[in-house]
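Welcome! Please take a moment to look over the sequence and the model before reading on.

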Amino acid sequence: MHRTKRVFWGLCFIAIAVMVLLNQTGVLNVTLSAGKIIIGILALAKYVNSTDFRGASVKNSFGELKVYFDKAIVLTSPIDIKLSNSFGELQVFVPKNWNVKLDVNVFAGDCKNEPHTGNEDWPQVRISGDVSFGEIQIIYV
């Protein structure tokens with residue numbers, strides 16, 4: 001029993017040390033012009049409301065993040081959404097009328113994209129990035 005407690009507290013210490021070293025404080029940082037979202041060690045949902053959405057960069061570490069792009073209006077396409085997910089779960093909700101091209105590198109994780117048939121007149125959206133020890137899920141709404 002003592003060994004189990006030592007292992008548990010050792011893992012807790014390592015997790016805290018990694019948070020400090022990576023400066024992952026759990027603070028949501030959003031810059032609308034660049035569309036930057038950074039999250040760490042939290043469960044959070046972010047709603048992107050834009051009348052001229054041009055792209056985004058989303059980074060999730062050790063947390064659960066849901067990003068809703070269903071209210072984002074794309075006037076000029078193609079646009080790029082860059083995703084980075086490590087040791088967490090990232091769900092990305094996109095409008096059904098987006099043509100999404102997915103290019104995500106996966107290491108010891110998963111990237112799920114619902115089957116979707118788009119129209120060539122719809123906005124072209126490139127989703128790229130990487131996932132390690134976690135999951136990225138693209139969901140059409």
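The report below walks through the fold, one sheet, the salt bridges and a surface patch.

## The chain at a glance

A good place to begin is the kind of model in view: it is a predicted one. The protein chain has 141 residues, and 35% of them are buried. Its secondary structure consists of 1 helix and 11 strands. Reading from the N terminus, the elements follow the order α-β-β-β-β-β-β-β-β-β-β-β, so the helix is at the start and the strands come after the helix.

How do the contacts spread along the sequence? Among contacts in the protein chain with a separation of 6 or more, 63% are between residues 24 or more positions apart. As for the outside, the protein chain exposes about 8600 Å², and 57% of that area is supplied by carbon and sulfur atoms.

## A five-stranded sheet

Now for the strands. An open sheet is built from 5 strands, arranged as S3-S5-S7-S11-S9, with parallel pairing. Which strands stand at the edges of this sheet? They are S3 (43-50) and S9; each has a single partner strand, so one side of each is left without a neighbour in the sheet. On average, neighbouring strands here are turned by 10° against each other, with direction ignored.

One pairing is worth finding in the viewer. Strand S5 (residues 64-72) runs parallel to strand S7 (residues 89-94), and the two are paired over 5 bridges. Within this pairing, Val67 stands opposite Val92 in S7.

## Three salt bridges

How many salt bridges does a search of the whole structure find? The search finds 3. One of them joins the side chains of Arg54 and Asp52, with 2.7 Å from N to O. Arg54 is exposed, because its relative accessibility of 63% is over the 50% cut-off. Asp52 has a relative accessible area of 27% and is therefore partly exposed, as this value lies between 20% and 50%.

Another salt bridge is formed by the side chains of Arg126 and Asp80, at 2.6 Å from N to O. This pair links distant parts of the chain: Arg126 belongs to strand S10 (residues 124-132) and Asp80 to strand S6 (residues 79-86), 46 residues apart. Are these partners buried, partly exposed or exposed? Arg126 is partly exposed, with a relative accessible area of 38%, and Asp80 is partly exposed at 28% relative accessibility.

The side chains of Glu135 and Lys112 also meet in a salt bridge, at 3.3 Å from N to O. Here, too, distant parts of the chain are linked: Glu135 is in strand S11 (residues 135-140) and Lys112 in strand S9 (residues 110-113), 23 residues apart. Both S11 and S9 appear in the open sheet described above. Lys112 has a relative accessible area of 39%, so this residue counts as partly exposed.

## A nonpolar patch on the surface

Finally, have a look at the surface. Which residues make the nonpolar surface patch? Phe87, Phe107 and Phe133 make this patch, and its area is about 330 Å².

Phe107 is part of strand S8 (residues 99-107). With a relative accessibility of 54%, Phe107 counts as exposed, because the cut-off for that word is over 50%.

Methods:
Residues are numbered from 1 along each chain as its sequence is written. This is a predicted model: local features need pLDDT of at least 70, side-chain atom pairs count only at pLDDT 80 or more; totals for chains, interfaces and linings use all residues. Side-chain values use heavy atoms; hydrogens and water are left out. A salt bridge is a side-chain nitrogen of Lys or Arg within 4 Å of a carboxyl oxygen of Asp or Glu. Buried means under 20% relative accessible area, exposed over 50%, partly exposed in between (1.4 Å probe, protein chains only). Helices (H or I, at least four residues) and strands (E, at least two) are DSSP runs, numbered from the N terminus. Patches are made of residues with over 30% relative accessible area and no salt bridge: like charges are joined within 9 Å, nonpolar side chains (Val, Leu, Ile, Met, Phe, Trp, Tyr) within 5 Å. Accessible areas come from the Shrake-Rupley method with a 1.4 Å probe; for residues, only the protein chains shown count as cover. Two strands pair if DSSP finds at least two bridges between them. Axes are lines fitted to C-alpha atoms, for helices over the stretch in contact, and angles run from 0 to 180 degrees between N-to-C directions. Contact means heavy atoms within 4.5 Å.
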